[in-house]
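Q: I am new to this structure and would like a close look at one part of it. Could you walk me through the largest nonpolar core and the helices packed around it?

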Amino acid sequence: MSARILVVDDESHILHVLTLKLQKAGYEVITAGDGEEGLHVALAESPDLIITDLQMPYMTGVDLCRALAGRPGTAAVPVIILTARGYALSEEDLGIGNIREVVSKPFSPRLLIQMVQSLLEAGSTTRKAKAA
Amino acid sequence: MKTLLTMALGSFLLAVVIAVMAVLMVSGWGRLPIDRADWTMLAVGLGASVWALLLVGCLLTARVCEAVSTYADRLGASEPSALPRTPIWMRSLMRALSRVQQTVQQRESTWRTRVRDLEIRERIADADRARAESVLGVMREAVIVTNAFDEIVYANEAAGHLLKFDAGDSARRALGDVVADTGLCRLISETREASCGLRQIDHVIEGGDEPVCCVAMLSTLKDSTDEVSSVVTVLHDMTREREIAQLKSEFVSKASHELRTPLSSVQAYVEMLVDGEADDEASRQEFYGIIQAETERLSRLVDNMLNISRIEAGIVRVDRDAVDFEGLIDRAVQTLEPQAREKRISIHRELAPVDLHAVGDVDMLYQVVVNLVSNAIKYTPEGGRVTISADSDHLERCVHVSVADTGLGVPPDDVDRIFEKFYRIENYKRVAKGTGLGLNLCRQIIETLHGGQIGLESRLGLGSRFWFTVPMSLESEREPEAKAVAA
């Protein structure tokens with residue numbers, strides 16, 4: 001069964017291109033246009049990984065991570081943050097929830113897919129080790 | 001004097017007569033018996049002679065003293081004077097007085113030269129001090145000069161303003177009695193005691209409404225004995241610099257964000273195309289279209305940023321002409337009609353039947369109207385209404401244009417910030433795309449380049465009305481009119 005990835009971004013072109021790229025890589029993709037919608041979708045769909053933009057209407061990427069971290073069903077979901085703000089994330093922000101990577105815009109979708117694969121494989125290895 | 005002289009002369013003659021009689025009497029001594037009357041006559045004659053001689057001596061002495069006194073008075077008054085005629089036995093005294101006179105005259109000349117020199121120096125020093133004080137007075141930096149006893153010698157107005165004291169009433173007063181900032185007083189004392197030349201220290205002035213960050217430069221001045229005679233303290237208020245640095249940093253951060261966003265789309269779609277991930281011609285065309293749109297967005301953003309920057313730097317050229325707002329509004333409506341039609345929004349014109357001409361750059365003012373109408377269409381739901389009005393205000397001598405819509409309205413908290421660079425209402429970002437620079441550019445064009453005003457009135461959920469005014473004539477043209485009215 002393919003991993004389910006939630007992509008959250010208020011830029012429709014970014015949502016579109018990431019959806020295409022991830023689907024071609026064999027993942028199931030669900031999308032949201034802002035932080036609030038992202039939180040609802042994450043709670044409803046339980047994704048295996050979340051890719052979210054940092055600056056969005058209603059709820060920022062960091063606020064989304066904070067909200068996800070406070071819920072048992074989503075606290076462990078790895079998050080990749082996309083940001084056009086360069087160094088806008090502080091050390092404190094990076095410690096929130098399960099933020100695993102921060103990718104600066106403009107980014108290479110190819111490298112992002114590699115990052116997704118590596119995070120999902122690491123998660124899968126950890127789960128297997130726990131099961132054993 | 002004359003009487004004295006006559007009496008002296010008379011006495012002298014009497015004494016001579018008596019003396020002659022005495023001589024005759026003495027020469028006849030031995031032949032005639034000397035009786036008591038002879039001795040009396042002799043005594044009287046001798047007494048009269050002594051008296052006459054004393055009198056003559058006193059008179060001569062008085063005359064000489066008077067002459068010498070007159071001479072001395074003239075010397076004292078620095079009046080040129082020849083030596084008075086004096087008896088031979090007083091010549092050496094008078095020669096000595098003459099030498100004294102020459103010495104005194106030489107010294108007086110030297111002192112006069114020195115006094116003149118000092119007066120010139122004092123005038124130069126006064127002029128230098130006045131010049132220095134006027135320079136220090138207009139400096140933005142606070143300047144305080146203190147002496148070896150930590151008393152204020154000079155403080156400029158900026159110092160008084162920054163440290164909250166009356167600079168004009170601070171001279172010769174103890175620094176600690178005038179300046180409430182104990183940290184600064186301590187710093188000045190330490191500098192004087194350490195005699196450490198030039199120091200530069202970051203200093204925060206407390207005690208005001210809010211702390212003021214300054215750079216304090218302190219230097220000591222020494223006198224001829226190599227002792228510190230004064231400390232010069234210059235305080236440079238860094239508040240404005242830090243605000244500008246903060247604004248620049250925010251601008252770069254926001255500009256970077258706005259540029260990176262479309263650039264991300266371009267890079268991602270180009271990479272897809274390069275990797276051959278567009279499966280068919282339709283996908284490829286879709287990607288090309290997105291790349292083109294995002295590139296145009298980037299181009300608009302850069303154009304807006306450059307335009308604003310050039311206006312702010314004062315290097316933009318304004319082609320002033322008579323602008324007919326009726327024609328300008330017609331042209332803008334024609335351009336934006338297709339965009340409005342897509343959302344079934346109707347555009348209405350309400351132009352007053354008056355002269356709607358103003359002086360300005362027609363292309364720039366057209367851009368303002370297009371920006372405002374385009375925004376109105378973007379933030380008005382389907383089926384809404386946009387109304388462009390224009391009227392002339394002859395009292396204020398300006399043309400007044402407004403663009404009203406039945407759109408979302410601007411939240412009260414955002415009204416004051418809506419014209420800032422890169423400011424976008426967070427919750428409306430999904431409604432329409434934008435650079436966040438359009439309204440700022442409108443404000444720069446209207447207020448900075450045309451001397452008009454721009455603003456908005458809005459009711460959340462009901463719509464907004466953006467308005468601007470443009471003067472009918474230039475400021476320079478209005479002045480003669482005003483003068484004519486006054487005359």
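A: Here is a walk through that core, followed by a short tour of other places in the model. Please keep in mind that this is a predicted model.

Let's start with the core itself. The largest nonpolar core has 46 residues, and Val368(B), Val369(B) and Val373(B) touch the most other members. Several elements of chain B supply at least two residues each: the helices α8, α9 (325-342), α10 (362-378) and α12 (438-450), together with the strands β9 (385-393), β10 (398-405) and β12 (463-471). Helix α10(B) gives the largest share, eight residues. The core lies between domain 3 (245-312) and domain 4 (317-479) of chain B, because both of them give residues to it.

Val368(B) is a good place to look around. Setting aside neighbours within four places in sequence, Val368(B) is in contact with Cys442(B), Ile445(B), Ile446(B) and Phe468(B).

Now follow α10(B) to one of its partners, α12(B). The axes of these two helices come within 10 Å and cross at roughly 145 degrees, and α10(B) passes α12(B) in a left-handed crossing. On the α10(B) side, the contact is made by Met364(B), Gln367(B), Val368(B), Asn371(B), Leu372(B) and Asn375(B). From α12(B) come Gly438(B), Leu441(B), Cys442(B), Ile445(B), Ile446(B) and Leu449(B). By class, the residues of this contact are eight nonpolar and four polar, with no charged ones.

Another partner of α10(B) is α9(B). Here the axes come within 9 Å and cross at roughly 35 degrees, and the crossing of α9(B) past α10(B) is right-handed. The residues of α9(B) that take part include Leu328(B), Ile329(B), Ala332(B) and Leu336(B), while those of α10(B) include Leu365(B), Val369(B), Val370(B) and Val373(B). Sorted by class, this contact has 12 nonpolar residues, three polar and one charged. Val369(B) and Val373(B), which you can find in this contact, are also among the core residues that touch the most other members.

Apart from this core lies another one, of 38 residues, among them Ile14(A), Leu20(A), Leu49(A) and Val79(A). That brings us to chain A, which has five helices and five strands. Along the sequence they follow the pattern β-α-β-α-β-α-β-α-β-α. Chain A has 132 residues, of which 42% count as buried. Taking contacts in chain A between residues at least 6 apart in sequence, 61% join residues at least 24 apart.

Where do the two chains meet? Their contact takes 21 residues from chain B and 22 residues from chain A. On the side of chain B that touches chain A, α7 (239-274) and α8 (281-313) are the elements that give two or more residues. The largest share of that side, 13 residues, comes from α7(B). Its residues divide into five nonpolar, eight polar and eight charged. Helix α8(B) thus appears in this interface and among the suppliers of the largest core.

One last stop is Leu163(B), in helix α4 (residues 157-163) of chain B. Leu163(B) has 22 other C-beta atoms within 10 Å, so it is buried. Not counting residues up to four places away in sequence, Leu163(B) touches Ala142(B), Val179(B), Asp181(B) and Ile205(B). Val178(B) is 15 residues from Leu163(B) in sequence, and their C-alpha atoms are 9.0 Å apart in space.

Technical notes. Residues numbered from 1 in each chain as written. Chains lettered and ligands numbered in written order. Predicted model: local features only at pLDDT ≥ 70, side-chain atom pairs only at ≥ 80, totals over all residues. Contact = placed C-beta atoms within 7 Å. Helix = DSSP H or I, 4+ residues; strand = E, 2+ residues; numbered from the N terminus. Nonpolar A, V, L, I, M, F, W, Y, C, P; charged D, E, K, R; others polar. Core = buried A, V, L, I, M, F, W, Y, C linked by C-beta atoms within 7 Å. Buried ≥ 20, exposed ≤ 12 C-beta atoms within 10 Å, placed from the backbone. Domains from an automatic or database assignment. Axes fitted to C-alpha atoms, helices over the stretch in contact; angles between N-to-C directions. Left-handed = near helix turned anticlockwise from the far one by under 90°.
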